[in-house]
Every structure is written in structure tokens, then in C-alpha cells.
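Visitor: Please take a single part of this protein and go through it closely. I would like the cut-offs stated along with the terms.

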Amino acid sequence: MSVHDDLSSMQRSLDELSRAVARLEQRLGSGGLEVRRVRADADHLRESLALLRTTAAPDAPVRPALVPIPDTPYDGSLWTDSDDEGLGARDRRAP
């Protein structure tokens, strides 16, 4: 099974758990501490699964798009007004 399949299976199980807790709330009432704790725990599990879905590594790694870099030299006119690092402009003295 893949990670995606496992997470989907967990989601289905949590959905069934939520339905079962709702049925219990209808029969027992939602005022009791125990029922509220079970509802809160089920909600925490749902939130934890949502966080896990966002951080889980996919089965196949996603490769970033490659950016081709040409082998030809850059146009020298791009650097005419630039300063050399630490040396200042070409026509002035270094500090």
C-alpha cells in the first residue's frame, strides 16, 4: 500500500468514527463529560490526519523544473556600468 492509500483508509475510518460518535451523542446526549471527550478526541484525530496529509512525503519525488543555462558567454555590455566587488567602479580608484 502507498502512503496515499493508507491516508485515505485512515480518512474513511475517521469518517466512520465520527458517525458512530454522532449516534452515541444522540442516544446518550452531548452533555456528559465522557461523550464530549470522545468527540474532542475524534476531532483531534481528524486535525492530526489533515496535518499528516500536508507533511507526508509523496510516493514519487517531485523534481523541480530544470532551467537551461546557455554555454555562450554573456554580453559584455551588461557589465559596463557595474562595480567590481570591493574595488568600486572601473574608472575610479578603490577606496
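Guide: The accessible surface of the protein comes to about 8,400 Å² (Shrake-Rupley method, 1.4 Å probe; for residues, only the protein chains shown count as cover). Carbon and sulfur atoms own 58% of that surface. The model is predicted, so local features need pLDDT of at least 70 and side-chain atom pairs pLDDT 80 or more, while totals for chains, interfaces and linings use all residues. Residues are numbered from 1 along each chain as its sequence is written, and side-chain values use heavy atoms, without hydrogens or water.

Of the 95 residues, 11% are buried (under 20% relative accessible area; exposed is over 50%, partly exposed in between). The protein has two helices and zero strands (DSSP runs numbered from the N terminus, H or I of at least four residues for a helix, E of at least two for a strand). The part to look at is the pairing of these helices.

Helix 1 covers residues 3-28. Its 26 residues should span 38 Å at 1.5 Å a residue (1.5 Å times one less than the number of residues), and the end C-alpha atoms lie 37 Å apart, in agreement. Just past helix 1 comes G29, with a positive phi of about 90 degrees. Helix 2 runs over 33-55. For its 23 residues the expected span is 33 Å, and the end C-alpha atoms are 33 Å apart, which agrees.

The buried residues show how the helices face each other. In helix 1 they are L7, S8, L14, S18 and V21, and they pack against helix 2. From the other side, V35, A42 and L49 are the buried residues of helix 2, and these pack against helix 1. Contact here is heavy atoms within 4.5 Å. Of the contacts in the protein with a separation of 6 or more, 54% join residues 24 or more positions apart.

Q11 gives one example from helix 1. Apart from neighbours within four places in sequence, Q11 is in contact with R46, L49 and R53. L49 belongs to the buried set of helix 2, whereas Q11 counts as partly exposed at 22% relative accessibility. Q11 and R46 stand 35 residues apart in sequence, yet 7.9 Å apart in space, C-alpha to C-alpha.

R46 also takes part in a salt bridge, with D15 (a side-chain nitrogen of Lys or Arg within 4 Å of a carboxyl oxygen of Asp or Glu). The closest N and O atoms of R46 and D15 are 3.1 Å apart. Because R46 lies in helix 2 and D15 in helix 1, this pair ties together parts that are 31 residues apart in sequence. Both partners are partly exposed: R46 has a relative accessible area of 30%, and D15 is at 26%.

Another pair is E25 and R39, whose side chains meet in a salt bridge at 3.3 Å, N to O. With E25 in helix 1 and R39 in helix 2, this pair links distant parts of the chain, 14 residues apart.

The search of the whole structure finds five salt bridges. One of them joins E16 and R23, with the closest N and O atoms 3.6 Å apart. E16 is partly exposed at 38% relative accessibility, and R23 is also partly exposed, with a relative accessible area of 38%. E16 and R23 are linked with R19 in a network of salt bridges.

Conventions
Buried < 20%, exposed > 50% of the residue type's maximum accessible area, 1.4 Å probe, protein only.
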